Protein chains: 2
Amino acid sequence: MVTKQLNGSDDADLLRADSLAREIFSDVANKWALLIIETIGDRTRRFTELRDDIEGISHKMLTQNLRMLERNGLLERTVHPTVPPRVDYSLTEAGHGLRATVDGMCDWTQRFLGHIEDSRRRFDTPVNG
Amino acid sequence: MVTKQLNGSDDADLLRADSLAREIFSDVANKWALLIIETIGDRTRRFTELRDDIEGISHKMLTQNLRMLERNGLLERTVHPTVPPRVDYSLTEAGHGLRATVDGMCDWTQRFLGHIEDSRRRFDTPVNG
DNA sequence: GTTCGTGGTCACTTGTGGTTACCCAGAAAC
DNA sequence: GTTTCTGGGTAACCACAAGTGACCACGAAC
């Protein structure tokens, strides 16, 4: 994480920003968080929809990550006090910003899929000799 | 992870690509991997350099992630059979591609730092009443 | 009064990130 | 010639995080 030199900010600010940036980065750079961001996308989604769409995520991990994302202001959580309860999630502006970079990662994956597959095969092949 | 519809590929191909994409995504979407990619950057770095530059990473995690990245063809590992040993790491084309998106994430972090900090404060403040 | 449906929590088990200690092989110090 | 230092890897171990499953609240439907 390289902190850019901004005119007019102190070193203290930069240091704080750097450590905070590291923290945010650690929070956000995990597969569930990114997958959730990507799955919500432009829409407003309910808890169970997300749970069904994100293959392999557990009930608990979903809740946990949604909370974390909400805390970081990446998504908005709306509770409708009905019975049964209904909770909606949608991305904030910051969330959409992050989503753009996640899209980039998805594109990257598509682009280098073949390369990666080859590379893995080569790596996993036992060396003969 | 949305698989784009490509002309001329079968469904089987698409399915394989999708599951592979998920796997790659899981591998790569972790803080150490991304931090390593970002830290290597354009240069050729030695093991210990990386260990020193990536704050908080342990010996083992570095080795483990470097291996994983090598396996996925994101970086190249060059061993010089000297004593003491010397091992160089540098990004491949695919690695540089991923790095571009990681750069995007870093920019995003910088941009929304303030927003995130506010949001956290609000979230962590106990509700009075 | 039993069952179902939704979002969440809690207790428990399993897996994996992280720490530590040790290994290798030779060069240089002594 | 014995010791020490070196840089990178690895196996054993531990702690905590992820994953699993039960249970809860609440009312409507049956």
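**Two copies, one sheet and a DNA strand**

Chain B drops onto chain A after a rotation of 180 degrees, with 0.0 Å of shift along the axis and an RMSD of 0.1 Å. The two copies are thus related as by a two-fold rotation axis. This is a predicted model, so the relation is that of computed coordinates. Within chain B, the residue that comes closest to the rotation axis is B:Asn30, whose C-alpha sits at 2.4 Å. As for the interface, 100% of the chain B residues in it are also interface residues in chain A, so the copies meet through the same surface.

Turning to the fold of chain A, 3 strands make up an open sheet, running in the order E1-E3-E2 with antiparallel pairing. The edges are taken by strand E1 (45-46) and strand E2 (75-80); each has a single partner strand, so one side of each is left without a neighbour in the sheet. The pairing of E2(A) with E3(A) is antiparallel and spans 6 bridges. Across from A:Arg77 one finds A:Tyr89, which belongs to E3(A).

Then there is the DNA. Strand C is surrounded by 18 residues, and the closest come from both chains: A:Phe47, A:Thr48 and A:Pro84 on one hand, B:Ser58 and B:Lys60 on the other. Chain A gives two or more residues to this surface from each of helix H3 (47-53), helix H4 (59-71) and strand E3 (86-91), and helix H4 (59-71) of chain B does likewise. Sorted by class, the surface near DNA strand C holds 9 nonpolar, 5 polar and 4 charged residues.

Notes
Residues are numbered from 1 along each chain as its sequence is written. Chains are lettered from A and ligands numbered from 1 in the order in which they are written. This is a predicted model: local features need pLDDT of at least 70, side-chain atom pairs count only at pLDDT 80 or more; totals for chains, interfaces and linings use all residues. A residue is near a molecule or strand if its C-beta atom, placed from the backbone, lies within 6 Å of it. Helices (H or I, at least four residues) and strands (E, at least two) are DSSP runs, numbered from the N terminus. Ala, Val, Leu, Ile, Met, Phe, Trp, Tyr, Cys and Pro count as nonpolar, Asp, Glu, Lys and Arg as charged, and the others, Gly among them, as polar. Two strands pair if DSSP finds at least two bridges between them. Copies are superposed by least squares on the C-alpha atoms of residues with pLDDT of at least 70 in both. Two residues are in contact if their C-beta atoms, placed from the backbone, lie within 7 Å.
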